[in-house]
Amino acid sequence: MQDYLKGLNERQREAVITTEGPLMIIAGAGSGKTKVLTTRIAHLMNKGVDAFNILALTFTNKAAAEMKERVEHILANREARNLYIGTFHSVFARILRAEAHRLGYPNAFTIYDTDDAKSVVKAVTQELNLDVQHYKPNAVYNRISGAKNALVGAKEYTTDYYLQQEDMRANRPMIGHIYDAYQKRCFKNGAMDFDDLLFKMYELLKTFPEVLHKYQHKFKYILIDEYQDTNPAQYEIIKLLGAVSENVCVVGDDAQSIYSFRGATIQNILQFQKDYDEVKVIKLEQNYRSTQTILNIANEVIKNNKGQIPKTLFTENSAGEKIKLVRTMTDNDEGKFVADQIQEMRLRNHFKNKEFAILYRTNAQSRSFEESLRRANIPYTIYGGISFYQRKEIKDYIAYLRIIVNPKDEEALKRIINYPVRGIGKTSIDKAILAANERNISMWEVLEDAGASGFRAGTLQAVEEFVLMIKSFHSMLGVKNAYDVAFHVGKQTAFVKELFNDKSTEGVQRYENVQELLNSIKEFTETPASEESGEVGDKSLGAYLQQITLLTDADQKDPDADTVKLMTIHAAKGLEFPVVFVGGLEEGLFPNAMSINTRDELEEERRLFYVAITRAKGRLYLTYANTRYKFGQLQQADASRFIEEIPTEYLDKAFAGGGVKNQGSSKLMGSAFERMNRGFGGGEKSEKSFVSTLIGGNGKPKETAHTPSANFIPSDISKLEEGMRVEHQKFGFGNVVKLEGSSHNPVATIKFEANGEKKIMLNYAKLMIVPNAN
DNA sequence: TCATAGCTACTTTTT
DNA sequence: GTAGCTATGA
């Protein structure tokens, strides 16, 4: 037996050596899915399959990179670099880059990110004389995206009876027309959005049999990761590609399907078995990741969902610790608790920073955790913020590069035509767009022929200079490499100089980012071709631009850095951590208020909770807060219904503090509390109440607002003493009860008249000492 | 044509 | 709390 097969259990081994024919692997959380996939690839190659004939598709670049690395490790040679491993989007983008001309797109087509796409939606909506307030670009874009993921084109959309009925009922009958106009505009701009990468790939294979034939014979072995998250478009493409060899291996877990909002459907798992005559199904049910306790509650929770593929996850790991359930007063307390716990575990148990993960439902929740960690001096990394390439200065720079590569790219053009200011204002831009639409040419072509469009003399000159500049850049493309072109652009356009001259902290940062961008382009140009991209060594600027649009925040961060990781549960899929905190387990937040309208939605939220739980190897904390800031206002929240689905025998409520006493002391009390608070919502009831005293003076849905005195000036906090009377901008007047903390990070406990006792970090809060006190 | 101040609506998850 | 838009004056 080959060495690499030795570390596998029987089922895993079977999954690896069943190389021929359709195979479906149902892989429970932590059952060694990645190990199976990578070993399988290694096994194929060991059997003599050429790396060039293997296609492996994942959902994230991170997963693809990890897979490639592990295959390389098993094989201990450089052959793995020739594998076609990547995300659906990146692999299809690469194929489309070679074939796009067949569909009438430039091969150097631009990939529009969500921002670009929404901007186009907005533009065409306005051009159709529709109200953008009513046809919200966001909503319309989502609808279009949904259609494309289901392989519904614009024409089909506008002629489909049911879709039209649906839009009529929603009082948005023109969405189909916007879709059509949007699609045409993107085509005119030589651009594809994320969904087009799938949709157009499908169209390509359907329309050109010779292309289909080519790729069917190229990809003799196909592997799909996270199969439960594929949408119909992805499904159909795989079906086409795999139709000849039928060597399609899909790996998925229906219990971890969390992307239905993006068009994914579990149906694909069921359908897979119908599409091929003999599908072998292998279930991986032994979990190697988590403790018995964690696995038990995961199983208990998921039981509440109907219609699972029957399977029982088990583990031989020890029972481990109970799950810690923690209730805090506010979201800030929640953050502080987590930071404190991390601090303690680092000291007491010598955990490293990177062994902790803080997971949450929405990105907005990162703030309170971030603040607490920063104050506690614990290094952390937040995933899912805006990516490097989304920063304004980077987008601006990239817009220049985009317009050079693809002059038809109207979004890029609009972005930089007057940045830096060169006297081509909104009026002139609108005029150019109008002319472009009338003559059915691109905006760039209008500018090239500016003399014919009746610009004012001054504007005309500015436009001509601009066109000349871009053309001079463009002429470099064939001669110089991507880095040289980019560097030249930076030198010739005034905006980099402008950034350089801005000596504010942000300005310096922005300039550094631009340097970083240039470094990244340089690195791209200098990395040997086959090293990261499989085969064709396309080192052009166009290839670079297409690649970076598909990069996410996570791809630019080092997972091994010794930092606490903060991310959404979605982003955490596929990862594991020794200690996991799941925050914000509150009704309305998790399950999210947007997703409790149907049974299906709620079940997806529950699967999300399941994913969160199963990220933990050893310790799991579930936390929630009584009150939380939303829209900058304090809001009341009940505990998540998911907490009730965990049998109490697995829970350790010792950390739940005052809040839980209240919850646990009496069922009646709890429900009265709930009833009363519901009544509280809208009205301005009396400030003191039975409830608010019960839970510590903070049971009100809103903080008592305080308008700072007209002469409010923050005082020198070093003069603060216990007993002093102070004013806080938000909390109002109060008395200092206690001073504590180190001298460089003093903390005061202040009893506010209207808002009760609060701990205030003096380095951050602004307090005014009220002079006439004591 | 352009910079700024003030207003509004938004937050679910992502390639 | 903030990005992104509108109104305003220079």
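Helices here are DSSP runs of at least four residues, numbered from the N terminus. The model is predicted, and Ser453 of chain A is a convenient place to enter it. Ser453 sits in the loop that links helix H21 (443–448) to helix H22 (457–474). Buried means under 20% relative accessible area. Ser453 has a relative accessibility of 15%, so it counts as buried. Apart from neighbours within four places in sequence, the residues in contact with Ser453 are Lys431, Ala435, Arg439 and Val446.

A loop residue of the opposite kind is Gly632, which lies between E16 and strand E17 (633–636). Gly632 has a relative accessible area of 58% and is therefore exposed. From Gly632 to Gly263 there are 369 residues in sequence, and the C-alpha to C-alpha separation in space is 32 Å.

Strand E12 (residues 356–360) belongs to the interior. Of its 5 residues, 5 are buried, so the strand is largely enclosed by the rest of the structure. In a regular strand, side chains alternate between the two faces of the sheet. In E12, Phe356, Ile358 and Tyr360 are on one side, Ala357 and Leu359 are on the other, and both faces are covered.

E12 also has strand partners. With strand E15 (residues 577–582) it pairs in the parallel sense over 4 bridges, and Ala357 has Val580 of E15 as its bridge partner. Strand E14 (residues 564–568) likewise runs parallel to E12 and is joined to it by 4 bridges. Within that pairing, Ile358 is bridged to Leu566 of E14.

Helix H15 (residues 292–302) contributes further buried residues: Thr293, Ile294, Leu295, Ile297, Ala298, Val301 and Ile302. An α-helix has 3.6 residues a turn, so residues three or four places apart point the same way. The elements covering the buried residues of H15 include strands E9 (286–287), E10 (314–315) and E11 (323–330). Helix H29 (599–613) and strand E16 (616–630) are also among them.

The model also contains DNA. Around DNA strand B there are 28 residues, of which the closest are Arg361, Thr427, Ser428, Thr552 and Met594. Of the atoms of DNA strand B that come within 4 Å of the protein, 58% belong to sugar and phosphate. By class, the protein surface near this strand comprises 8 nonpolar, 17 polar and 3 charged residues.

Individual polar contacts with DNA strand B involve both backbone and side-chain atoms of the protein. A polar backbone atom of Gly423 is 3.1 Å from a phosphate oxygen of DNA strand B. At Thr568, a polar side-chain atom lies 2.8 Å from a phosphate oxygen of DNA strand B. Ser595 approaches a base instead: an N or O atom in its side chain is 3.3 Å from a base nitrogen of DNA strand B.

DNA strand C is surrounded by Lys122, Arg367 and Phe631. Sugar and phosphate make up 75% of the atoms of DNA strand C that come within 4 Å of the protein. Lys122 places a polar side-chain atom 3.3 Å from a phosphate oxygen of DNA strand C.

Confidence varies along the chain. Chain A has an average pLDDT of 83, and 85% of its residues score at least 70. Over residues 658–705 pLDDT stays under 50, and the model has 60 contacts beyond four places in sequence for this segment. Residues 742–746 also stay under 50, with 13 such contacts.

Terms used. Residues are numbered from 1 along each chain as its sequence is written. Chains are lettered from A and ligands numbered from 1 in the order in which they are written. This is a predicted model: local features need pLDDT of at least 70, side-chain atom pairs count only at pLDDT 80 or more; totals for chains, interfaces and linings use all residues. Side-chain values use heavy atoms; hydrogens and water are left out. pLDDT is the predictor's confidence in each residue, from 0 to 100. Contact means heavy atoms within 4.5 Å. Helices (H or I, at least four residues) and strands (E, at least two) are DSSP runs, numbered from the N terminus. Buried means under 20% relative accessible area, exposed over 50%, partly exposed in between (1.4 Å probe, protein chains only). Two strands pair if DSSP finds at least two bridges between them. A residue is near a molecule or strand if one of its heavy atoms lies within 4 Å of it. A polar contact is a pair of N or O atoms within 3.5 Å; within protein, one must be able to donate a hydrogen and the other to accept it, and residues adjacent in sequence count only if both atoms are side-chain atoms. Ala, Val, Leu, Ile, Met, Phe, Trp, Tyr, Cys and Pro count as nonpolar, Asp, Glu, Lys and Arg as charged, and the others, Gly among them, as polar.
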